[in-house]
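Dear colleague,

I am passing on the structure below, together with some notes on what was found in it. Please look through it at your own pace before reading on.

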Amino acid sequence: MSDITVSVIGCGSMGGAVIRAVCGKYDPKTVTISAKHFEHAQNLAFDVKCTAVDSNAKAAAAGKYVFIAVKPAYVADVMKEIAGVLRSDAVVISMAAGLSLEKLRTMTDRPVVRIMPNMPAQIGEAMTALSCGDDVEAGRLADITALLECAGKVEKVDEKLMDCVTAVSGSGPAYVFMFIEALADAAVRFGMPRAQAYVYAAQTVKGSASMALADERCPAALKDAVCSPAGTTIEGVAALEKDGFRNAVFDAVKAAYDKSVSMGKK
(Lines give C-alpha, C1' and ligand atoms only; values in the text may rest on other atoms or scores of the structure.)
Protein backbone atom coordinates (compact mmCIF):
# COMPACT_ATOMS: atom_id res chain seq x y z
CA MET A 1 0.00 0.00 0.00
CA SER A 2 3.02 2.31 0.16
CA ASP A 3 2.66 3.43 -3.48
CA ILE A 4 -1.01 4.37 -3.17
CA THR A 5 -2.10 7.86 -4.09
CA VAL A 6 -5.75 8.86 -3.91
CA SER A 7 -7.69 11.59 -5.65
CA VAL A 8 -11.25 12.49 -4.70
CA ILE A 9 -13.29 14.76 -6.95
CA GLY A 10 -16.24 16.06 -4.96
CA CYS A 11 -16.28 16.93 -1.26
CA GLY A 12 -19.97 16.46 -0.47
CA SER A 13 -21.45 13.97 1.96
CA MET A 14 -20.00 10.79 0.43
CA GLY A 15 -16.83 12.27 -1.01
CA GLY A 16 -16.08 14.00 2.27
CA ALA A 17 -16.70 10.80 4.22
CA VAL A 18 -14.24 8.86 2.03
CA ILE A 19 -11.66 11.64 2.34
CA ARG A 20 -11.91 11.75 6.13
CA ALA A 21 -11.81 7.97 6.46
CA VAL A 22 -8.78 7.50 4.20
CA CYS A 23 -6.87 10.40 5.74
CA GLY A 24 -7.58 8.95 9.17
CA LYS A 25 -5.73 5.72 8.36
CA TYR A 26 -3.27 6.62 5.60
CA ASP A 27 -0.82 9.45 5.07
CA PRO A 28 -2.95 12.53 4.18
CA LYS A 29 -0.11 13.74 1.96
CA THR A 30 -1.04 10.99 -0.51
CA VAL A 31 -4.60 12.35 -0.88
CA THR A 32 -5.52 15.16 -3.29
CA ILE A 33 -9.03 16.59 -3.45
CA SER A 34 -11.10 19.03 -5.50
CA ALA A 35 -14.62 20.43 -5.35
CA LYS A 36 -16.96 22.62 -7.36
CA HIS A 37 -16.19 25.42 -4.90
CA PHE A 38 -12.48 25.49 -4.11
CA GLU A 39 -13.05 26.86 -0.62
CA HIS A 40 -14.97 23.70 0.30
CA ALA A 41 -11.98 21.57 -0.67
CA GLN A 42 -9.64 23.95 1.15
CA ASN A 43 -11.64 23.77 4.37
CA LEU A 44 -11.77 19.99 4.33
CA ALA A 45 -8.10 19.71 3.43
CA PHE A 46 -7.22 21.98 6.35
CA ASP A 47 -9.14 19.67 8.72
CA VAL A 48 -7.60 16.39 7.53
CA LYS A 49 -4.18 17.69 6.35
CA CYS A 50 -4.49 16.51 2.75
CA THR A 51 -3.96 18.60 -0.41
CA ALA A 52 -6.69 20.67 -2.05
CA VAL A 53 -6.33 21.82 -5.68
CA ASP A 54 -8.38 24.26 -7.69
CA SER A 55 -9.36 22.00 -10.59
CA ASN A 56 -10.60 18.46 -11.10
CA ALA A 57 -7.87 17.89 -13.68
CA LYS A 58 -5.15 18.71 -11.16
CA ALA A 59 -6.73 16.35 -8.65
CA ALA A 60 -7.10 13.49 -11.13
CA ALA A 61 -3.52 13.82 -12.34
CA ALA A 62 -2.22 13.22 -8.83
CA GLY A 63 -3.89 9.91 -8.05
CA LYS A 64 -3.56 6.25 -8.88
CA TYR A 65 -7.07 5.74 -7.51
CA VAL A 66 -9.46 8.46 -8.64
CA PHE A 67 -12.79 8.64 -6.84
CA ILE A 68 -15.60 10.46 -8.66
CA ALA A 69 -17.92 11.70 -5.91
CA VAL A 70 -20.22 14.04 -7.83
CA LYS A 71 -23.92 13.75 -8.64
CA PRO A 72 -24.72 11.35 -11.51
CA ALA A 73 -25.72 14.20 -13.83
CA TYR A 74 -22.22 15.69 -13.61
CA VAL A 75 -20.13 12.52 -14.01
CA ALA A 76 -19.82 12.76 -17.81
CA ASP A 77 -18.59 16.36 -17.62
CA VAL A 78 -16.02 15.47 -14.98
CA MET A 79 -14.80 12.50 -17.03
CA LYS A 80 -14.28 14.77 -20.04
CA GLU A 81 -12.40 17.25 -17.89
CA ILE A 82 -9.95 14.67 -16.53
CA ALA A 83 -9.61 12.37 -19.57
CA GLY A 84 -6.33 13.80 -20.79
CA VAL A 85 -4.54 13.88 -17.43
CA LEU A 86 -5.25 10.48 -15.86
CA ARG A 87 -2.17 8.44 -15.06
CA SER A 88 -1.54 5.39 -17.21
CA ASP A 89 -2.02 3.18 -14.13
CA ALA A 90 -5.10 5.02 -12.86
CA VAL A 91 -8.33 3.32 -11.82
CA VAL A 92 -11.51 5.38 -11.80
CA ILE A 93 -13.97 4.70 -8.97
CA SER A 94 -17.50 6.05 -9.39
CA MET A 95 -20.05 6.30 -6.62
CA ALA A 96 -22.82 7.64 -8.87
CA ALA A 97 -26.16 5.88 -8.51
CA GLY A 98 -27.55 4.31 -11.66
CA LEU A 99 -24.48 4.65 -13.88
CA SER A 100 -23.46 1.20 -15.09
CA LEU A 101 -19.92 0.00 -15.69
CA GLU A 102 -20.77 -0.17 -19.40
CA LYS A 103 -21.78 3.48 -19.47
CA LEU A 104 -18.80 4.55 -17.36
CA ARG A 105 -16.45 2.75 -19.76
CA THR A 106 -17.71 4.96 -22.60
CA MET A 107 -16.36 7.94 -20.65
CA THR A 108 -12.81 6.72 -19.98
CA ASP A 109 -10.26 4.22 -21.26
CA ARG A 110 -9.04 3.43 -17.73
CA PRO A 111 -10.33 0.52 -15.62
CA VAL A 112 -13.54 1.44 -13.79
CA VAL A 113 -14.96 0.39 -10.43
CA ARG A 114 -18.50 1.15 -9.35
CA ILE A 115 -19.23 1.59 -5.64
CA MET A 116 -22.22 2.47 -3.49
CA PRO A 117 -21.34 3.59 0.04
CA ASN A 118 -23.82 5.09 2.48
CA MET A 119 -24.05 7.93 4.97
CA PRO A 120 -22.66 6.03 8.01
CA ALA A 121 -19.30 6.17 6.21
CA GLN A 122 -19.01 9.50 8.02
CA ILE A 123 -18.52 7.61 11.30
CA GLY A 124 -16.71 4.55 9.94
CA GLU A 125 -19.84 2.36 9.84
CA ALA A 126 -20.58 2.27 6.11
CA MET A 127 -22.00 -0.61 4.14
CA THR A 128 -20.28 -0.27 0.76
CA ALA A 129 -20.90 -2.45 -2.26
CA LEU A 130 -18.29 -2.69 -4.99
CA SER A 131 -18.54 -3.99 -8.55
CA CYS A 132 -15.99 -4.15 -11.35
CA GLY A 133 -14.99 -6.00 -14.48
CA ASP A 134 -12.05 -8.25 -15.32
CA ASP A 135 -10.00 -5.20 -16.34
CA VAL A 136 -9.41 -4.40 -12.67
CA GLU A 137 -6.48 -6.49 -11.47
CA ALA A 138 -6.71 -8.36 -8.17
CA GLY A 139 -4.02 -6.23 -6.55
CA ARG A 140 -5.78 -3.01 -7.47
CA LEU A 141 -9.10 -4.38 -6.26
CA ALA A 142 -7.45 -5.25 -2.94
CA ASP A 143 -6.09 -1.71 -2.65
CA ILE A 144 -9.49 -0.15 -3.34
CA THR A 145 -11.18 -2.50 -0.88
CA ALA A 146 -8.65 -1.56 1.81
CA LEU A 147 -9.24 2.14 1.17
CA LEU A 148 -13.00 1.73 1.43
CA GLU A 149 -12.69 -0.38 4.56
CA CYS A 150 -11.40 2.75 6.27
CA ALA A 151 -15.05 3.85 6.21
CA GLY A 152 -16.72 0.56 7.18
CA LYS A 153 -17.72 -2.80 5.74
CA VAL A 154 -17.07 -3.53 2.04
CA GLU A 155 -18.43 -6.32 -0.13
CA LYS A 156 -17.92 -7.12 -3.80
CA VAL A 157 -21.20 -7.84 -5.59
CA ASP A 158 -22.38 -8.68 -9.07
CA GLU A 159 -23.28 -5.46 -10.88
CA LYS A 160 -26.85 -6.63 -11.40
CA LEU A 161 -27.37 -6.09 -7.65
CA MET A 162 -26.16 -2.47 -7.60
CA ASP A 163 -29.61 -0.95 -8.09
CA CYS A 164 -30.85 -3.10 -5.21
CA VAL A 165 -27.88 -1.99 -3.09
CA THR A 166 -28.67 1.63 -3.89
CA ALA A 167 -32.27 1.17 -2.73
CA VAL A 168 -31.46 -0.84 0.41
CA SER A 169 -28.16 0.29 1.94
CA GLY A 170 -27.62 3.47 -0.07
CA SER A 171 -31.04 4.93 0.70
CA GLY A 172 -31.70 2.82 3.79
CA PRO A 173 -30.24 5.22 6.36
CA ALA A 174 -33.00 7.71 5.51
CA TYR A 175 -35.65 5.07 6.21
CA VAL A 176 -33.97 4.21 9.51
CA PHE A 177 -33.72 7.87 10.52
CA MET A 178 -37.46 8.23 9.83
CA PHE A 179 -38.15 5.23 12.07
CA ILE A 180 -35.98 6.69 14.84
CA GLU A 181 -37.79 10.01 14.49
CA ALA A 182 -41.21 8.32 14.66
CA LEU A 183 -40.20 6.20 17.66
CA ALA A 184 -38.92 9.30 19.45
CA ASP A 185 -42.07 11.26 18.61
CA ALA A 186 -44.12 8.47 20.15
CA ALA A 187 -41.99 8.64 23.30
CA VAL A 188 -42.52 12.41 23.49
CA ARG A 189 -46.27 11.85 23.13
CA PHE A 190 -46.18 9.81 26.33
CA GLY A 191 -44.11 12.30 28.31
CA MET A 192 -40.43 11.66 27.61
CA PRO A 193 -38.30 14.79 26.93
CA ARG A 194 -37.30 14.98 23.26
CA ALA A 195 -33.53 14.80 23.75
CA GLN A 196 -33.94 11.72 25.91
CA ALA A 197 -36.40 10.22 23.42
CA TYR A 198 -33.89 10.50 20.60
CA VAL A 199 -31.27 8.68 22.67
CA TYR A 200 -33.66 5.87 23.60
CA ALA A 201 -34.89 5.46 20.04
CA ALA A 202 -31.44 5.61 18.40
CA GLN A 203 -29.78 3.32 20.95
CA THR A 204 -32.60 0.81 20.54
CA VAL A 205 -32.03 0.73 16.78
CA LYS A 206 -28.25 0.57 17.21
CA GLY A 207 -28.43 -2.28 19.71
CA SER A 208 -30.96 -4.19 17.64
CA ALA A 209 -28.85 -3.81 14.50
CA SER A 210 -25.74 -4.98 16.33
CA MET A 211 -27.63 -7.99 17.65
CA ALA A 212 -28.98 -8.84 14.18
CA LEU A 213 -25.42 -8.89 12.85
CA ALA A 214 -23.94 -10.84 15.77
CA ASP A 215 -26.70 -13.33 16.61
CA GLU A 216 -27.12 -16.52 14.57
CA ARG A 217 -30.90 -16.18 14.68
CA CYS A 218 -32.70 -14.49 11.79
CA PRO A 219 -34.49 -11.16 12.40
CA ALA A 220 -37.86 -12.91 12.51
CA ALA A 221 -36.66 -15.20 15.32
CA LEU A 222 -35.20 -12.24 17.21
CA LYS A 223 -38.52 -10.40 16.89
CA ASP A 224 -40.34 -13.46 18.19
CA ALA A 225 -37.98 -13.61 21.18
CA VAL A 226 -39.07 -10.11 22.22
CA CYS A 227 -42.78 -10.90 21.87
CA SER A 228 -44.05 -12.55 25.04
CA PRO A 229 -47.45 -14.26 24.78
CA ALA A 230 -50.23 -11.72 25.41
CA GLY A 231 -47.57 -9.11 26.17
CA THR A 232 -47.03 -5.48 25.22
CA THR A 233 -44.65 -6.07 22.29
CA ILE A 234 -46.95 -8.36 20.31
CA GLU A 235 -49.65 -5.70 20.56
CA GLY A 236 -47.26 -3.17 19.06
CA VAL A 237 -46.21 -5.61 16.34
CA ALA A 238 -49.85 -6.30 15.52
CA ALA A 239 -50.46 -2.55 15.15
CA LEU A 240 -47.47 -2.23 12.78
CA GLU A 241 -48.77 -5.12 10.69
CA LYS A 242 -52.30 -3.66 10.65
CA ASP A 243 -50.98 -0.28 9.46
CA GLY A 244 -48.89 -1.81 6.67
CA PHE A 245 -45.38 -1.37 8.06
CA ARG A 246 -43.84 -4.13 5.94
CA ASN A 247 -45.57 -3.00 2.77
CA ALA A 248 -44.45 0.58 3.36
CA VAL A 249 -40.83 -0.62 3.53
CA PHE A 250 -41.28 -2.76 0.41
CA ASP A 251 -42.77 0.20 -1.44
CA ALA A 252 -39.98 2.54 -0.34
CA VAL A 253 -37.27 0.16 -1.55
CA LYS A 254 -39.09 -0.44 -4.83
CA ALA A 255 -39.46 3.30 -5.45
CA ALA A 256 -35.74 3.87 -4.83
CA TYR A 257 -34.83 0.82 -6.96
CA ASP A 258 -36.98 2.02 -9.86
CA LYS A 259 -35.41 5.48 -9.66
CA SER A 260 -31.90 4.01 -9.75
CA VAL A 261 -32.81 1.90 -12.79
CA SER A 262 -34.31 4.89 -14.59
CA MET A 263 -31.22 7.01 -13.89
CA GLY A 264 -29.14 4.37 -15.64
CA LYS A 265 -31.25 4.64 -18.78
CA LYS A 266 -30.77 8.39 -19.27
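How many bridges join strand β6 to strand β7, and do they run parallel or antiparallel? Four bridges join β6, residues 112-116, to β7, residues 126-132, and the two strands run antiparallel; across this pair, Ile 115 stands opposite Leu 130 in β7. Please bear in mind that this is a predicted model.

These two strands belong to an open sheet of eight, which follows the order β3-β2-β1-β4-β5-β6-β7-β8 with mixed pairing. At its edges stand β3 (51-52) and β8 (152-156), and each has a single partner strand, so one side of each is left without a neighbour in the sheet. Helix α1, residues 13-25, lies across β1 (6-9), β2 (31-34) and β4 (65-68), and runs at about 160° to β2.

As for the interior, the largest nonpolar core has 32 residues, and those with the most contacts inside it are Ile 19, Ile 33, Phe 67 and Val 113. Apart from its neighbours within four places in sequence, Ile 19 is in contact with Val 8, Gly 10, Cys 11, Ile 33, Leu 44, Val 48 and Cys 50. A second, separate core has 19 residues, including Ala 59, Ala 90, Val 92 and Leu 101.

Finally, helix α6 has twelve residues (138-149), which at 1.5 Å a residue should span 16 Å, and this agrees with its end C-alpha atoms, which are 16 Å apart. The buried residues of α6 include Leu 141, Ile 144, Leu 147 and Leu 148, and also Arg 140 and Asp 143.

With best wishes

How values were computed. Residues are numbered from 1 along each chain as its sequence is written. This is a predicted model: local features need pLDDT of at least 70, side-chain atom pairs count only at pLDDT 80 or more; totals for chains, interfaces and linings use all residues. Side-chain values use heavy atoms; hydrogens and water are left out. The expected span of a helix is 1.5 Å times one less than its number of residues. Buried means under 20% relative accessible area, exposed over 50%, partly exposed in between (1.4 Å probe, protein chains only). A nonpolar core is a set of buried Ala, Val, Leu, Ile, Met, Phe, Trp, Tyr and Cys residues joined through side-chain atoms within 4.5 Å. Contact means heavy atoms within 4.5 Å. Two strands pair if DSSP finds at least two bridges between them. Axes are lines fitted to C-alpha atoms, for helices over the stretch in contact, and angles run from 0 to 180 degrees between N-to-C directions.
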